[in-house]
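Please open the model in your viewer and keep the sequence panel beside it, since each stop on this tour asks you to select a few residues and look at what surrounds them.

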Amino acid sequence: CNKAINLDPKLSGAYFNRGFAYAKLGNPQKALTDYNKAIDLNPYDADTYLQRGLIYADLKDAQNAIADLQDAADLYEQQGDTAKAQQILDVLNQLPQ
């Protein structure tokens, strides 16, 4: 991911992939930094909002988690993936409001 970012710093997918790797390695702050950059570069990527929302939920930041998960559900709905949108809405219903 680092090499891809160095070659093309506008490649949102590289930031998403590195953020996902950071999340799996237990480094949520670095994951959030990369997810934020990926969203800056491509604000229509539902997967990035979903992953960032899950990080916020793990960090007990309900407000940001709900906002991101709702954005992800909306984007999936707009892109025709109603099943994924419904899965996210189910998760949202389980979060404390």
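Helices here are DSSP runs of H or I with at least four residues, strands are runs of E with at least two, and both are numbered from the N terminus. With that in mind, colour the whole chain by secondary structure: from the N terminus on, the elements of the protein run α-α-α-α-α-α, which comes to 6 helices and 0 strands. Please remember throughout that this is a predicted model.

Before zooming in, display the surface. The accessible surface of the protein comes to about 5,900 Å², and 49% of that area belongs to carbon and sulfur atoms. Of the 97 residues in the protein, 36% are buried. Among contacts with a separation of 6 or more, 38% are between residues 24 or more positions apart.

**First stop: the aromatic rings**

Select Phe16, Phe20 and Tyr35 and show their side chains, because ring pairs link these residues into a cluster and rings count as paired if their centres lie within 6.5 Å. By this rule the count comes to 2 aromatic pairs. In one of them, the ring centres of Phe16 and Phe20 are 6.3 Å apart and the planes meet at 20°, so this pair is stacked. Both residues belong to helix H2 (residues 12-24), where they are 4 residues apart, about one turn of the helix. An α-helix has 3.6 residues a turn, so residues three or four places apart point the same way.

Are Phe16 and Phe20 buried or exposed? Phe16 has a relative accessible area of 17% and is buried, while Phe20, at 33% relative accessibility, counts as partly exposed. Now turn to the pair of Phe16 and Tyr35, whose ring centres are 5.7 Å apart with planes at 40°, so the pair is tilted. This pair links distant parts of the chain, since Phe16 sits in helix H2 and Tyr35 in helix H3 (residues 28-41), 19 residues apart. Tyr35 is buried, as is Phe16.

**Second stop: helix H4**

Next select residues 46-58, which form helix H4; its 13 residues reach 18 Å from the first C-alpha to the last, close to the 18 Å expected at 1.5 Å a residue. Show the side chains of its buried residues, which are Ala46, Thr48, Tyr49, Leu50, Gln51, Arg52, Gly53, Ile55 and Tyr56. If you then bring back the surroundings, you will find that what covers these buried residues includes H2, H3, helix H5 (62-78) and helix H6 (82-94).

Both ends of H4 merit a look. At its start, a side-chain oxygen of Asp45 reaches to within 3.1 Å of the backbone nitrogen of Asp47, and just after H4, Lys60 takes a positive phi of about 65°.

**Last stop: helix H6**

Finally, select H6, whose 13 residues should span 18 Å at 1.5 Å a residue; the end C-alpha atoms are 19 Å apart, which agrees. Which residues of H6 are buried? They are Ala85, Ile88 and Leu92. These cover an arc of only 65° around the axis, which puts them on the same side of H6. Rotate the view to the other side of H6, and you will see Ala83, Asn93 and Gln94, which are exposed. Returning to the buried residues of H6, you can trace how they pack against H4 and H5.

How values were computed: Residues are numbered from 1 along each chain as its sequence is written. This is a predicted model: local features need pLDDT of at least 70, side-chain atom pairs count only at pLDDT 80 or more; totals for chains, interfaces and linings use all residues. Side-chain values use heavy atoms; hydrogens and water are left out. Rings of Phe, Tyr and Trp (its six-membered ring) pair if their centres lie within 6.5 Å; planes under 30 degrees apart count as stacked, over 60 as edge-to-face and the rest as tilted. Buried means under 20% relative accessible area, exposed over 50%, partly exposed in between (1.4 Å probe, protein chains only). The expected span of a helix is 1.5 Å times one less than its number of residues. Contact means heavy atoms within 4.5 Å. A polar contact is a pair of N or O atoms within 3.5 Å; within protein, one must be able to donate a hydrogen and the other to accept it, and residues adjacent in sequence count only if both atoms are side-chain atoms. The arc is that of the directions from the helix axis to the C-beta atoms. Accessible areas come from the Shrake-Rupley method with a 1.4 Å probe; for residues, only the protein chains shown count as cover.
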